[in-house]
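Hi,

Here is the structure I promised to pass on. Have a look at it first, and my notes follow below.

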Amino acid sequence: MSEDCIFCSIVAGDIPGRIVDENDDAIAFLDANPMAPGHTLVVPKAHHVRVADMSAEESRALFDLVHELAPRIEDAVDADAHTIAVNDGPDAGQEVPHVHVHVVPRFADDGGGPIHGVAGTPPSLSDDELDDIAESISG
Ligand code: 5GP
Ligand code: ZN
C-alpha cells in the first residue's frame, strides 16, 4: 500500500468506493467521474504504477476480473459494447499512479469513437521500418 494513493485507500476501505467485485489480487469499483453509466475501474490490490510493474499472477487476476465483469456491466446498464483500456504512464494520460483498467460501457448512439483516436497523428511507416520495430519487440 502507498500511503498517499487514492486507489490504495479505496482497496484498504479507508475511503468509500462503490465496489462491485473482487478476487484475490484485484478489485473493481465505479469511476467517480464516469464517462458513461457503469464506467468501472479494475485495479490490482497491491500498489503498482505501471502495467509492467505487476507480477504475471497479478496481471492475470486483473484481466480475469475484467473478463468476469464486462458482461455484467453491459447487462446492468444495457450497453451495446465496451471500450476496455489502460492509460499506462503519464504521457498516455495516466493521472492516478496506480494501475487501473477502464471498462467503459458504449452505446450505439454515444457519439464516441474507437480507441484508434488516442495516439495522435498516425505515423507513415515503410515495410522496412515495420520489420525493424517487430524485430526490436520480439528481441
Ligand atoms: P486515468 O486518467 O489515471 O487513467 O484515470 C483516473 C480515473 O480515476 C478517472 O477516470 C477518475 O475519474 C477516476 N478517479 C479519480 N479519483 C477517484 C476516486 O477518488 N474514486 C474513484 N472511484 N475514481 C476516481
Ligand atoms: Zn496505490
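Let me start with the aromatics: the count comes to one aromatic pair, and do bear in mind that this is a predicted model. The partners are Phe 7 and Phe 29, with ring centres 5.3 Å apart and planes at 70 degrees; the cut-off for edge-to-face is over 60, so that is what this pair is. Phe 7 sits in helix α1 and Phe 29 in strand β2 (residues 26-30), so the contact links distant parts of the chain, 22 residues apart. Both rings belong to buried residues, Phe 7 as well as Phe 29.

Next, the metal. The zinc ion (ligand 2) has four donor atoms, namely SG of Cys 5, SG of Cys 8, ND1 of His 47 and ND1 of His 98, at 2.0 to 2.3 Å. The angles among these donors run from 105 to 116 degrees, and the site is tetrahedral. If you want to search for the spacing along the chain, it reads C-x2-C-x38-H-x50-H. Two of the donors, Cys 5 and His 47, are 42 residues apart and link distant parts of the chain: Cys 5 is in the segment before α1 (6-12), while His 47 is in the loop between β3 (40-44) and α2 (56-77). How buried or exposed are Cys 5 and His 47? Cys 5 has a relative accessible area of 6%, which is under the 20% limit, so it counts as buried. His 47 comes out at 26%, above that limit but not over 50%, and therefore counts as partly exposed.

Now the charged side chains. How many salt bridges does the structure hold? There are five, and here are some of them.

- Asp 21 and Arg 72 meet through their side chains at 2.9 Å, N to O. Asp 21 lies in strand β1 (residues 19-22) and Arg 72 in helix α2, so this bridge ties together parts 51 residues apart in sequence. Arg 72 is partly exposed, at 38% relative accessibility.
- Lys 45 pairs with Glu 22, and their closest N and O atoms are 2.7 Å apart. This is another link between distant parts of the chain, 23 residues apart, with Lys 45 in the loop between β3 and α2 and Glu 22 in strand β1. Both ends are partly exposed: Lys 45 at 25% and Glu 22 at 45%.
- Arg 106 bridges to Asp 110, with 2.7 Å between the closest N and O atoms. Arg 106 is buried at 17% relative accessible area, whereas Asp 110 is partly exposed at 34%.

Shared partners also make a network: salt bridges join Asp 21, Glu 68 and Arg 72 into one.

Last, the other ligand. Which residues come nearest to ligand 1? Out of 16 residues around ligand 1, they are Leu 30, Asp 31, Glu 95, His 100 and His 102. As for polar contacts, Glu 95 places a backbone N or O atom 2.7 Å from an oxygen atom of ligand 1. Val 96 has a polar backbone atom 2.9 Å from an oxygen atom of the ligand. His 100 uses its side chain, where an N or O atom is 2.7 Å from an oxygen atom of ligand 1.

Over to you, and cheers!

Technical notes. Residues are numbered from 1 along each chain as its sequence is written. Chains are lettered from A and ligands numbered from 1 in the order in which they are written. This is a predicted model: local features need pLDDT of at least 70, side-chain atom pairs count only at pLDDT 80 or more; totals for chains, interfaces and linings use all residues. Side-chain values use heavy atoms; hydrogens and water are left out. Donors are N, O and S atoms within 2.8 Å of the metal (3.2 Å for Na, K and Ca); water is not among the atoms, so sites may look incomplete. Four donors count as tetrahedral if all angles lie between 85 and 135 degrees; four count as square planar and six as octahedral if opposite donors are over 155 degrees apart and all others between 65 and 115; anything else is irregular. Helices (H or I, at least four residues) and strands (E, at least two) are DSSP runs, numbered from the N terminus. Buried means under 20% relative accessible area, exposed over 50%, partly exposed in between (1.4 Å probe, protein chains only). Rings of Phe, Tyr and Trp (its six-membered ring) pair if their centres lie within 6.5 Å; planes under 30 degrees apart count as stacked, over 60 as edge-to-face and the rest as tilted. A salt bridge is a side-chain nitrogen of Lys or Arg within 4 Å of a carboxyl oxygen of Asp or Glu. A residue is near a molecule or strand if one of its heavy atoms lies within 4 Å of it. A polar contact is a pair of N or O atoms within 3.5 Å; within protein, one must be able to donate a hydrogen and the other to accept it, and residues adjacent in sequence count only if both atoms are side-chain atoms.
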